[in-house]
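Good morning, and thank you for coming. Please look at the structure on the screen while I take you through its interfaces and its ligands.

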Amino acid sequence: MTDQDITFTIDGVAITAKPGQTIMEAADDAGVYIPRLCDHEGLRHQGGCRVCTVKANGRSVAACTQPAAPGQTVENETPHINKLRRDLVEMLFHEGNHLCPICEASGNCELQAMAYRLEMGEPTKFPYLEPSRALDASHHDIALDTNRCISCGRCIRASKDVDGKGVFGYVGRGIHRRVAVNGEDLAHTDADASDHAMSDEVCPVGCIIRKRVGFATPIGEREFDKGLIGYEIEGKRRG
Amino acid sequence: MATNTPDEQMTGPAVSVPSIPVEEIVSICQTYGNDRHRMLDILRDVQDRFRWISPKVMETVASQTCLSRIEVEGVASFYSFLSQTPKGRVTIRLCDDIIDRFAGLAAIAEAFEEELGIKVGETSPDESFSLEYTPCIGMCDQAPAAMVNDVVVTKLTPDLARQWAQSLKAGKSPEEIVSDRFADLSPHARATAQVDNNIRHAGAVLLGPVPDDAGLKTALGLTPVQIMDMIEASGLRGCGGAGFTTGRKWKFAAAEKAEKHFVLCNADEGEPGTFKDRVLLTERPHLLVEGMTIAARAVGAREGIIYLRGEYVYLRDLIEEVLADRRARGLLGEAILGVEGFDFDLRVQMGAGAYICGEEGALISSCEGLPGEPKTRPPFPVNRGYLGYPTVVNNVETFCHAARILDRGAQWFFDMGEEGSHGTKLFSVSGDCLNPGLYEFPYGLTINELLEMVGGEDAAAVQVGGPSGTMIARDSFHRRLTFDDLATGGAIIVFSGERNVLEIVEYYMSFFVHESCGYCTPCRVGNVFLQKAIGKFRKGLANPEDIDYLKDLSGTIIETSRCGLGMTSPNPILTTLKNFPLVYSAMVKPSKDGIRATFDIQSAIDGARHLAKRRSYIYDEDFSK
Ligand SMILES: Cc1cc2nc3c(=O)[nH]c(=O)nc-3n(C[C@H](O)[C@H](O)[C@H](O)COP(=O)(O)O)c2cc1C
Ligand code: SF4
Ligand code: SF4
Ligand code: SF4
Ligand code: FES
Ligand code: FES
């Protein structure tokens, strides 16, 4: 702790933040997990999914973009906030086409894992939008199935900022906004299976699929068979 | 790359499309210095000249501006006035706001469809015409209204629509139809030949007599701090909707140490039912620029932008003429009025059909050549705005007030209106009333008083502040137009008892769905769900629980949205649930047998019927009979 460090609380737990850190960054360091989907380590913050909504001094803010402020009281795991988050996760399910039992990403999928964590148990009340989105299997090593896309933009930022390529981008507006590729199809871009953007960890769901390596991890050993999403961060605190 | 190859597009329609020479695209890009921040200008010019933005164009533009094609496509696909398929030589955009619907839009659309031989949403096969719907174009006091390319037509009737269509088919340009002498008219005369001002009541500040540049001359004798103190002391608050104290906003920007500062004017005026800035831009353009120049002196800005909504393109020449005139008279440019070191100039940035660009962060994104997405806050524009520099964004009316305050003094302004709501306000009144138009009054007027003046005594509902505002019923007409009671950016829409409140609400939700930028989940997806739920009420398929569902979902959208659009988009529903509860309860039926009224067994099994290629023994009538 230095003179400039900021202290505040999340659900009553004292947190220390370095100047310039967001609420979420400080929470991560302290072993307090704040749910998230569009934010990802090593990528710019986007603040789009809103699953990280917390109340800072009573006002709702996105923890991934909101700077930590001295003395503020942050609420994270309250029934009300988790209900808001559950609504958002349900919206993402209903916006796309998700069939977990036959999905490659099942067990490693952050959306599915978030639904478990937030106890999205009952049938939802929202209508299904059932969009019709074509599968892009043009590329030799990678397939892109945006039926499951949650518009988190992680692939866009990873390709642009980490790979220095810009394979992906958003097009359209509103409910028609979607992820598209920089060319006629994926084969006409400079996408490569070794790109960070194509790695397991970037797409939180199962849109970016490496061909010929499907269903590689046996059930029981998949990422979220090990624990609820956030277990690694929370593990830090339990020590 | 500057070869004369025609555009070989691979994905366009089968009809012949105008070839787009690469060199022309290169030259458009060069006009804007190949600057990616001028992307919206580049794409607007391409759209105007070639009527679409082809994949090949996007590649050329990308390589000229050092961007990727997908980044260009991101911009091209965001704005309603840019198209990725070829549009007709004339595009007719009918305002399909609820006001226009109530004013007879259907018959007008039909007249155009018949005459042009195309449906709304189509382009004629020979590419003469495109016919479209568009949200409010700011002509609500003279609805039904339409844009025909860059020209505005108001007070449409089916006959007038036919006349326009026939003249266009005969080869006349929209400008020629407005006036045979169009080219000879002054920009102001051209604007007023298309659109009436409908100034119904001039107040003391804006619409009454205004001396030339008196405020600017006062400002020259004051220090920046004195100017800002004066604006703060006047009690002036932003007129664009949010009502932030203008003097404080300027002080925040001035306090930020930076190489440059910017002053931006928000002339996006997209909130349905609002048209006050249209009239100020037409009748008080010098006052606006004067106000911006004063702001520039206060915060130390040398550059400014007027962000003019695409729908107001008919006012562009008028504004450009004003800027040229002021430059010629030493009121813009270097050493303004001879004061060494006082330099300020500005440009007009045209929008291209996106309500969200009125949100200040989205407006800045748009000026930077990006899709009109709001920015993450903090940082706020006053700290890091346009191109990362401290930026003041104010509404047209706010700048005009500021100029008047400098002339007449803070106390003069402060003494008008009420505690917390000082000075006068422009109200754009439309809908079911005898005298729609613009009214300037001190804050504090009651709705009843206003209705009496506008000839709207039969009102059953008044929408204050447009869709994102509040819909009130008769029992609230004693309420006052102030920031603390009924706040409004200016829109007052009057509805008589014959209007169906749910139809209005359903339209407003479709507006928000159309205008959401899509950046964040709750607004992008949640508003679609709200719109669908209101549709259920309209069809009489709602259950009593659906009222709680509306409230609950609205709450989530408001609490989790990223910008003001999502934070206010459920207002049409929430304010009518509160003020017109019977409208909803009359439409709900308790469910029979626990089955939701929306559940339709026939459509539910339809998919299976097609797959199995046979009918159902239980549910298909001819089998069960
Ligand atoms: C969705 C949305 C649309 C807006 N549209 C406008 C607009 O058309 N004109 C405007 O002046 N302000 C608009 N605003 C408010 C601006 O964000 C900003 O507060 C305003 O331009 C500041 O100027 P003022 O302080 O002079 O009002 C809008 C805000 C939101 C959230
Ligand atoms: S992407 Fe995730 S949530 Fe969607 S179907 Fe696959 S496992 Fe389920
Ligand atoms: S493809 Fe995957 S990583 Fe990219 S935006 Fe969609 S969900 Fe996110
Ligand atoms: S609230 Fe709506 S308009 Fe605002 S950022 Fe989110 S999606 Fe875009
Ligand atoms: S994680 Fe913060 S908005 Fe998505
Ligand atoms: S112009 Fe049609 S409602 Fe405003």
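A salt bridge, as the term is used here, is a side-chain nitrogen of Lys or Arg within 4 Å of a carboxyl oxygen of Asp or Glu. Lys55(A) and Glu559(B) meet that condition, because their closest N and O atoms are 2.5 Å apart. Please keep in mind throughout that this is a predicted model.

Let me begin with the interface between the two chains. How many salt bridges are counted between chain B and chain A? The count is 6. Polar contacts are found as well: 23 residue pairs across this interface, with both partners at pLDDT 80 or more. On the side of chain B that touches chain A, four helices each supply at least two residues, namely H4 (69-76), H20 (501-515), H21 (521-538) and H22 (545-560). Which of them gives the most? It is H21(B), with 8 residues. By class, that side of chain B has 15 nonpolar, 14 polar and 11 charged residues.

Turning to the extent of this interface, 40 residues of chain B are in contact with 42 residues of chain A. The area buried between the chains is about 3,300 Å², and carbon and sulfur atoms give 57% of it. In chain B, the residues that lose the most area to chain A are Ile70(B), Arg524(B) and Glu559(B), which together make up 20% of what that side buries. You will recognise Glu559(B) as the salt-bridge partner of Lys55(A).

I now move inside chain A, which is divided into domain 1 (6-75) and domain 2 (84-225). The C-alpha centres of these two domains lie 25 Å apart. Their contact takes 19 residues from domain 1 and 20 residues from domain 2. Between them, about 1,700 Å² is buried, of which carbon and sulfur atoms give 59%.

How many salt bridges does the rule find across this domain interface? It finds 1. In chain A, the side chains of Arg44(A) and Asp161(A) meet in a salt bridge, at 2.6 Å from N to O. Across the same domain interface there are 11 residue pairs in polar contact, both residues being at pLDDT 80 or more. The side of domain 1 that touches domain 2 has 10 nonpolar, 5 polar and 4 charged residues.

Finally, the ligands. Ligand 1 has 19 residues around it, and those that come nearest are Gly240(B), Asn266(B), Asn394(B), Asn395(B) and Thr398(B). A polar side-chain atom of Asn266(B) lies 2.9 Å from an oxygen atom of the ligand. The side chain of Asn394(B) places an N or O atom 2.8 Å from an oxygen atom of ligand 1. Gly358(B) takes part through its backbone, where a polar atom is 3.1 Å from a nitrogen atom of ligand 1.

The other two ligands take us back to chain A. Among the residues that surround ligand 2 are Phe93(A), His98(A), Cys100(A), Arg148(A) and Val205(A). The shell of ligand 2 divides into 7 nonpolar, 3 polar and 1 charged. Around ligand 3 we find, among others, Cys149(A), Cys152(A), Cys155(A), Cys203(A), Val205(A) and Cys207(A). What classes make up the shell of ligand 3? There are 9 nonpolar residues, 2 polar ones and no charged ones.

Thank you for your attention.

Terms used
Residues are numbered from 1 along each chain as its sequence is written. Chains are lettered from A and ligands numbered from 1 in the order in which they are written. This is a predicted model: local features need pLDDT of at least 70, side-chain atom pairs count only at pLDDT 80 or more; totals for chains, interfaces and linings use all residues. Side-chain values use heavy atoms; hydrogens and water are left out. A residue is near a molecule or strand if one of its heavy atoms lies within 4 Å of it. Ala, Val, Leu, Ile, Met, Phe, Trp, Tyr, Cys and Pro count as nonpolar, Asp, Glu, Lys and Arg as charged, and the others, Gly among them, as polar. Contact means heavy atoms within 4.5 Å. Buried area is the accessible area (1.4 Å probe) that two parts lose on being put together, summed over both. A polar contact is a pair of N or O atoms within 3.5 Å; within protein, one must be able to donate a hydrogen and the other to accept it, and residues adjacent in sequence count only if both atoms are side-chain atoms. Domain bounds come from an automatic or database domain assignment.
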